[in-house]
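Work through the exercises below with the sequence and the structure at hand. Each task is followed by a solution in steps.

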Amino acid sequence: MSRDPSYRFVVLPQSLAGPAPGVPLPPESRRAAVRAVVRPAAPVALGMVPLGIAFGLLVLHNGLAWWWATVFSAVVYAGSLEFLLVAMVATAAPLAQVALTTVMVNGRHVFYALSFPLHRVTGRAARTYSTFALTDESYAMTAGPDGQRWSSTRILGLQVLLHLSWVAGATLGGLLGTALPLDALHGLDFALSALFIVLAIDAYRAQPDLRTAALALACALGALLVLPAQMLLVAYGAFTVVLLVRCGLARRGERGRAGTEVLRA
Amino acid sequence: MPEPAYVAAVVGVAAALTWGLRAAPFAVLGRMRDSVAVHHLSRHMPLGVMLILAAYTLRDIPTTTPMAALPIVAAVTVTVGLHLWRRNALVSILAGTAVHVALATALAGV
């Protein structure tokens, strides 16, 4: 991508900071800014479409009208929870159960505030939307070291793009399901697993650390064995604690080494 | 078909709680952004979180017979292999999903 001069222009640090408020961008750099948002986000956004289609089909499968796929995906906008919600609606689950499931499945989002670059997003409405649209995917794409330098436009553009592709996929699934006998297809929900696998490999490339990967998998397997019903919450909690302990040990080790060097000198 | 008012209430409850869970922690955690521990977490959480989510979505892998696990194992292999090779997220996701749908649909008919 460095062969494309307009793209290289966009990744220069001063243009990443974005224009001063109220100053309109010249058309050339506006196009470049759009490209800077769309290029890295497009594969993940497009990857969400088959998953959205699977969700739209599930909406029909559970006896809801197709447009509920649009409403769920636009308003709730929390992929894995939406799959669960539709199944609960079909069994007329009480609202208290809906609330509890939401807290348990989306409880992981409280951890995202640790590293999502909300401080880069300017404006009250923009910040409100940015927290509303803080999904696993938008977290995965912004939480790395690079994201801390992204402009407000770039972060919001990414989030809007992911939101739109999720709603479009779900709506498409609802419409396809009313038109075609796609119920015969099994296993479309693997798109969600594939998405997380791809995001994990990309996260590893950004921050290659096999020990982190091994610790995370150990926490996931441990949580699955100990408390399978609350696997996500237990695994996140355990992984956070393990990382904090590792960070603490590393700092103590540094202090210890510094101490012995002082003694030797 | 479920009552529209009930479905709307489900959407409302889930949306409000989800937004609350996403937004509220910033009030507390935002001020800790400069700490070494938070920096350590922000560097290592993305990989860990994605692996945990991948494991979570694959937790119901059927292990009764080797044949039952085949669609998942094959699809994961294709997704990982393609992504290591081509580095194209869309290709990896679509191919992995296609393999899973083909095998799961074929085996469901058996």
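**Exercise 1: A tyrosine at the boundary**

In this predicted model, the side chain of Tyr6(B) reaches the backbone oxygen of Ala93(A) at 2.5 Å. Find the element that holds Tyr6(B) and list the residues that Tyr6(B) touches.

Solution.
- Step 1. Place the residue: Tyr6(B) belongs to helix H1 of chain B, which covers residues 4-29.
- Step 2. List the partners: leaving out residues up to four places away in sequence, Tyr6(B) touches Met88(A), Val89(A), Ala92(A), Ala93(A) and Leu95(A).
- Step 3. Classify the link to Ala93(A): the cut-off for a polar contact is 3.5 Å, and the side chain of Tyr6(B) comes to 2.5 Å from the backbone oxygen of Ala93(A).

**Exercise 2: The interface of the two chains**

Describe how chain A and chain B meet, first by residues and area, then by kinds of contact.

Solution.
- Step 1. Count the residues: 92 residues of chain A are in contact with 65 residues of chain B.
- Step 2. Give the area: about 7,100 Å² is buried between chain A and chain B, and carbon and sulfur atoms give 79% of this area. Leu114(A), Phe190(A) and Arg205(A) supply 10% of what chain A buries against chain B, more than any other three residues.
- Step 3. Count the contacts: the interface has 15 residue pairs in polar contact, both residues at pLDDT 80 or more, while the count of salt bridges between chain A and chain B is zero.
- Step 4. Find the main contributor on chain A: helix H10 (residues 190-206) gives the largest share of the side that touches chain B, with 16 residues.
- Step 5. Sort that side of chain A by class: 66 residues are nonpolar, 18 are polar and eight are charged.

**Exercise 3: A salt bridge within a helix**

How many salt bridges are there over all chains, and where do Asp202(A) and Arg205(A) lie?

Solution.
- Step 1. Take the total: over all chains the count comes to two salt bridges.
- Step 2. Check one pair: the side chains of Asp202(A) and Arg205(A) form a salt bridge, with N to O at 3.7 Å. The cut-off is 4 Å.
- Step 3. Locate the pair: both residues are in helix H10 of chain A, three residues apart, about one turn of the helix.
- Step 4. Recall the background: side chains of opposite charge can pair when their charged atoms come close.

**Exercise 4: A cavity and a pocket**

Describe the largest cavity and the second largest pocket by volume, then by lining.

Solution.
- Step 1. Start with the cavity: the whole structure has one cavity of 30 Å³ or more, and the largest cavity has a volume of about 110 Å³.
- Step 2. Look at the cavity lining: of its 15 residues, Ala78(A), Gly79(A), Ser80(A), Thr135(A) and Glu137(A) are the closest to the centre. By class, the lining of the largest cavity has seven nonpolar, four polar and four charged residues.
- Step 3. Turn to the pocket: the second largest pocket has a volume of about 850 Å³. Among its 28 lining residues, Leu58(A), Phe83(A), Leu188(A), Asp189(A) and Phe190(A) lie nearest the centre.
- Step 4. Name the elements: H3, H5 and H10 of chain A and helix H2 (36-57) of chain B each give two or more residues to the lining of the second largest pocket. H3(A) gives the most, with five residues.

Note on methods
Residues are numbered from 1 along each chain as its sequence is written. Chains are lettered from A and ligands numbered from 1 in the order in which they are written. This is a predicted model: local features need pLDDT of at least 70, side-chain atom pairs count only at pLDDT 80 or more; totals for chains, interfaces and linings use all residues. Side-chain values use heavy atoms; hydrogens and water are left out. Contact means heavy atoms within 4.5 Å. Buried area is the accessible area (1.4 Å probe) that two parts lose on being put together, summed over both. A polar contact is a pair of N or O atoms within 3.5 Å; within protein, one must be able to donate a hydrogen and the other to accept it, and residues adjacent in sequence count only if both atoms are side-chain atoms. Helices (H or I, at least four residues) and strands (E, at least two) are DSSP runs, numbered from the N terminus. Ala, Val, Leu, Ile, Met, Phe, Trp, Tyr, Cys and Pro count as nonpolar, Asp, Glu, Lys and Arg as charged, and the others, Gly among them, as polar. On a 1 Å grid over the protein atoms alone, a cavity is a set of points where a 1.4 Å probe fits but cannot get out, and a pocket is an open set with protein on both sides within 12 Å along at least five of seven lines; lining residues have an atom within 4 Å of a point. Grid points are joined across faces, edges and corners, and a volume is the space filled by probe spheres set on the points.
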